[in-house]
Amino acid sequence: MIGIWILAEHDGGNFALCSFELLGEARRLAQKLAGTVAALVLAGDDELPIDVLGHYGADRVYLIDDPRLHHYDPTVAVASITRLCRLHQPVLMLFPATTTGSDLAARLAVSQDWSLVPHCVNIQIRGDRIELVRPLAQRGIHGVFSASQSGPGIVTILPDTLGVERPERARRTMVERVTAVIPQHQDIEVCGFVAADPRTSDLGEAEIIVAAGRGVGSLDNMRLVEELATVIGGSVAGTRPVVDLGWLPHSRQVGQTGTSVRPRLYIACGISGAAQHVAGMRDAGTIVAVNTDRGAPIFDIADLGIVDDVTKVLPLLTQCCRALCRK
Amino acid sequence: MRPEVFLCVKQAAGLTTPVRFNSDASDVAPECRIWSTNDGDRFALDAALRAREGGVIGGVTCVTAGPTEADEALYYCLAAGADRAIRIPVSAAALFEPAVAGALLAAAIRHLGGQLVFAAQRSSDGESGMVPVYLAHALGAAYLSDVTDFQLDGTVVEIRRRIEGGHRQVWRSQLPAVVAFDRGSASPRYVAVAAMALARRREVQQLTESALGISLSQIPRPVRLERLIPPRVRTKKLPGPDWNQSATERMQTIVIGGAARRASTMLEGPREEVAAVAADYLHKRRLLRHRVS
Amino acid sequence: MDDVTREIFGGIPSSQQTLFYWMTAVSALIFTVRLGWHARRWLRGRRRPSSGYNDLWRRIRHVVTQVFAQPRLLRAPAAGFAHLLIFWGFLVLFVGTVLIAIEHHTPLSFFHGAFYLLFSLITDVFGMVLLAGVGIASYRRYVARPLRSRAQGYGVPLLLLGALGLTGFLVEGLRLAAAPGRWFDWSPGGALVAALVGSGDIDLVMIGDWHRQAWWLHAVLASAFVALLPGGRMLHAIAAPLNTLFSSTDRPGGALLTPFRLDEVAAGAVTTTGPALATDLSRQQLLSLSACTECGLCELACPAAAAGRPLSPKRVITQLRDHLDHDGVASRSVPVEEVVAPDEAWSCTTCRACVDACPVSVQHIELVLDVRLAVVMKSRVEPGIAGVLHKLVATGNPFGLPSAQRTAWTAGLPAGVQVDLAGQSQGFELLLWVGCAGAFDARAQRVSQAVATALSRAGVRFAVLGAEENCTGDPARRLGEEGLFQQLARRNVDILDKYGVRNIVTTCPHCFNTLKNEYPEFGGNYAVLHHSELIASLLAQGRLNVDPVAADCRLTYHDACYLGRHNHVYEAPRTALVAATGSAIREMPRSHAQSFCCGAGGANAWFDLRLGTRINALRYDEAVSTGAQQMATACPFCLTMFEEIAGSRTPDQRLEVRDVAEIIETASRR
């Protein structure tokens, strides 16, 4: 039986989107090779919607459940998956190119001498060979690699590059609980986890930023900005005039003379969009701007613009987001 | 006795567009390579220099593998304050396979008796992220990935690594260890043009394959590079702006027109509706986050 | 009358004369040894690459002016006046002594008759001048005690000078008391003393004794003064004129001295790039440390000091001087940035007010920049500043924006105004150097548009480099990244020469200064004009016409440092403004060469020090105080700095800030 496995990542309660992307790709390959798709789940006392993996294409789920795996534990994960691979001999393994996925894939491949092509952009089956393509030289060219036959071929795929197929809610999946393998000698000891606090962590790392400009009006109104940030899991930042006015410390300043940020989401509240500020946030993924002035330059670079008074719109936006986040 | 840090660096190479291959298509034509610093190296270098300034480690030796152009990466480290520089001469094409780089660097470090290795997690050109793993495996060292903070107490290494969401995991291991640094958010140190000019007059020690007792053809490669092709291949959806891109890459994107002027969707109207539409817009694009417990 | 004279050494027996000469010889020896020690110390300094400025006559003229007229000291009138009195008093008396020595030891004979009487009168008057100066100075130092009078080390010299003056009159008075002649009214001071002495009975022998004792006292004090001169604060008497001579004051104000040549470093011909250690300062810099009198005029003029930043130009000098005085030789050398803290160095806006104010020609800017250079070379630049440098390297401009965007400003031009690229234009007479601010900053782009429009209306055939333009390198040089500056300079020169550029006009005074004054050293020789100069010239030629607004537009003008103080362009922008507005300019209290910096210079526009209050706010308030409604300037950075303040003020205090070109362009509608 030709097994195509994927690593399904989760956040303790839901599976990450990349898991479904990989399932879709695995499904496509399985159809070509007449194989089956299995999903590996490393869980540590988490309640996960395993059957959803089935909807998106998994024929089988190997659930490795151990409290040690609540957070990623490299030695336990590698040992457990190695034994599973020895038992079931998958032909191909798809991992997401996340920190965990990349790390795990690399350790597995190197320790067992298996093939690994990271950041794979194409998987082609040519007869009995599998050809894997990845970019080289700053994505200027691509290299075509062939996997050796001595073990599964492993690839990592960047999240958000494949689409997600439509789920089939009727599909059933077989779940097999697997005991984790705890090696005698662990060369890496997992000894702590520090959750990021968007309120205090470095702006340069923030994934969501809610930024305040002079349009926010007063120090009192800053709490509206803070509320929105809290609800959507973002960090609070501000423009230079706001920092000069003392509403925020300098560590929260975004712009030419402050921090440069690259969040996935940047909500600019009452910010006009002067060049000095934009220089610090133009690389943001999605920019939402709220300003009473329709002609403000910020709207030239925003993806979504709201022409309204920040102090009036923000509380409503916070409310709607809160409702959506609860789902 | 404070350990010495062996810092593995790479002179990265981008390509001109359009790109031409050499006669047997085993490599790109040499004039098509545009050499540049590997961004990630700067953070590893910074960490090494800070560790030396803090008295935690003894010295910093930088090591690279590559053609003569690769000396530039070493000069950068010397200019910033590294103590000595070593290069393993090898062609640029050979480095398309991370197993090769890993084996060569490991041979050099073993030859020099290194116990503590720093490197960038991934290079800005190959981006495989594999070389540190190969290094660790060859040296029998612990492999610590995506590191943002490094501490050493005697022979115990403690690191913090960053995972998605900005959270940190704390790992500990013994020496020998390979520490692969993530690109931190801190701005890397600036090395002056004149400092580079002075550094280029300094000596780079060369360690050849024969001196290391290793042969390129005999390096085991579970994955073989079959051929090179120009980038016609497309995935189902084009990647969005990757915020792990180096400055050069992002510049390319902008010049090519990737991050062109955005088309704004403007919302005006009854406030409650506007708020709802905006929240929905964000939710659909999965830009809102649940508060994880 | 012709025989009126006095006996030299009168009343001093020859054995004592011999003793006197021995004493003089000893003090001269001490003087020479001490001066030699300082000279050797100065000569141990580093040799900078030849600056290429060697207009000796200009330097000599400068020395003569500064030494004898001391105009800069007079900016603080009371102190300056007092010093002039002391200086001239001492100088004339010294010359008098020399003349007497000549008369005594050479066959020449002139010390009689009318000459003698005039000599007596002049020396007496200048003796009083000296005492008056000492008196004023002592009053300031010990009674009034204003801040600037508190420099240490002047007590003893002042005392000596005062004592010399007093004993001089005492000697003369006693001589006159003993042997009055008809002519002693030509020595009014001496006569006064003689009158006081001779009010009672005169015992000639006693007078003679007193005269001799007073004479010896005077002689000993004089010898002591000579011996003490080369040291402490009084060393300035020798070091200051020397420093003024060697300070390359003949170079254009805005041109910084080159600390090293990058090509020499790259070739291995040179292995040091600047003073890493405090003892590595150049010869001229070491000399200037000795020339400093701690007058504090530099500190008074410094905008950073006025805004409460940690920088004081005076303290930079005294810190270095004190460190070197104590350490001397290299054995205990300390990195230069540990003597002058980096924060002090980064606070400087390179406005040159200190250098212009200094009466002894200390070049503070190069010392501050040497500290920056040291920090940059050791890769210890703080992140905010490192970010700017990274952007400059990566994109060729401090904004970090792609070169392709350099022509974006041409999109907003009015109809009929066309901007040609140098590469596609046939025969342009002038290159418009847009500059990074003019290309990338939204506000400054409007100035570029105004300039292009004005040039077009005047029928000037001009072109721009477009995306081929790179930063001139001014921010790099001012940040201490000299190597990057030289790289950018050579690259720009190559591009300019490729297109055969001979004439350049630019909108930014920083570009103007660098292209005009700093590029020749790197192979770029062009005739460079600032846009205000060109506009004034076009107006004068009638190629550009303006219709001035009738009403008084209450306009004030801010002299940008790099246009004004560095390059002496004061009148051209004013002429243009007056022509365009039809009204006079309300000058600020500090204008022309006394202009007060906006705070953006020295690359301060690119990083945020967050120390002290804002320099631009201080200047803005000065502008508001003139009662103006509009503020004109000729620099995009001044423009940004002042608009920033304007935006945060209430409407009654909000000035409209515009560039000269914008005002011209508005008035030149046709």
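**Exercise 1. The largest cavity**

How many residues line the largest cavity, and which of them lie nearest its centre? Describe the lining by element and by class.

*Solution.* The model is a predicted one.

Step 1. The lining of the largest cavity consists of 36 residues. Those nearest the centre are Lys10(B), Ala101(B), Ser123(B), Asp125(B) and Val131(B).

Step 2. Assign the lining to elements. From chain A, strand 7 (129-136) supplies at least two residues. In chain B, each of the following also supplies at least two: strand 2 (11-15), strand 3 (33-37), strand 4 (60-66), strand 6 (116-120), helix 3 (98-112) and helix 4 (131-139).

Step 3. Sort the lining by class. It holds 21 nonpolar, nine polar and six charged residues.

Step 4. Add the volume. The largest cavity contains about 470 Å³ of space. With a cut-off of 30 Å³ or more, the model has 13 cavities.

**Exercise 2. The second largest cavity**

Which helix gives the most to the lining of the second largest cavity? State the volume and character of this cavity.

*Solution.*

Step 1. The volume is about 180 Å³, and 21 residues form the lining.

Step 2. Nearest the centre lie Asp474(C), Pro475(C), Cys508(C), His510(C) and Phe637(C).

Step 3. Four helices of chain C, namely helix 19 (435-440), helix 21 (474-479), helix 23 (509-518) and helix 27 (636-647), each contribute at least two lining residues. Helix 19 of chain C gives the most, with four residues.

Step 4. By class, 14 lining residues are nonpolar, six are polar and one is charged.

**Exercise 3. A sheet with strands from two chains**

In what order do the ten strands of the open sheet run, and which strands stand at its edges? Identify the helices that lie against the sheet.

*Solution.*

Step 1. The order is 11(A)-9(B)-8(B)-7(B)-10(B)-6(B)-1(B)-4(B)-5(B)-11(B), with mixed pairing.

Step 2. Strand 11 (188-194) of chain A and strand 11 (205-206) of chain B stand at the edges; each has a single partner strand, so one side of each lacks a neighbour in the sheet.

Step 3. Examine one edge. Strand 11 of chain B runs parallel to strand 5 (residues 84-89) of chain B, and two bridges join them. Within this pair, Arg87(B) has Gln206(B) as its bridge partner.

Step 4. Place the helices. Helix 2 (residues 71-80) of chain B packs on the sheet, touching strand 1 (5-8), strand 4 and strand 5 of chain B. The direction of helix 2 makes about 170 degrees with that of strand 5 of chain B. Helix 4 (residues 99-112) of chain A lies across strand 11 of chain A and across strand 7 (142-153), strand 8 (156-162) and strand 9 (168-174) of chain B. This helix runs at about 100 degrees to strand 7 of chain B.

Definitions and conventions: Residues numbered from 1 in each chain as written. Chains lettered and ligands numbered in written order. Predicted model: local features only at pLDDT ≥ 70, side-chain atom pairs only at ≥ 80, totals over all residues. Heavy atoms only, no water. 1 Å grid on protein atoms, 1.4 Å probe; cavity = no way out; pocket = protein on both sides within 12 Å on 5 of 7 lines; lining within 4 Å. Points joined across faces, edges and corners; volume = space filled by probe spheres on them. Nonpolar A, V, L, I, M, F, W, Y, C, P; charged D, E, K, R; others polar. Pairing = 2+ DSSP bridges. Contact = heavy atoms within 4.5 Å. Axes fitted to C-alpha atoms, helices over the stretch in contact; angles between N-to-C directions.
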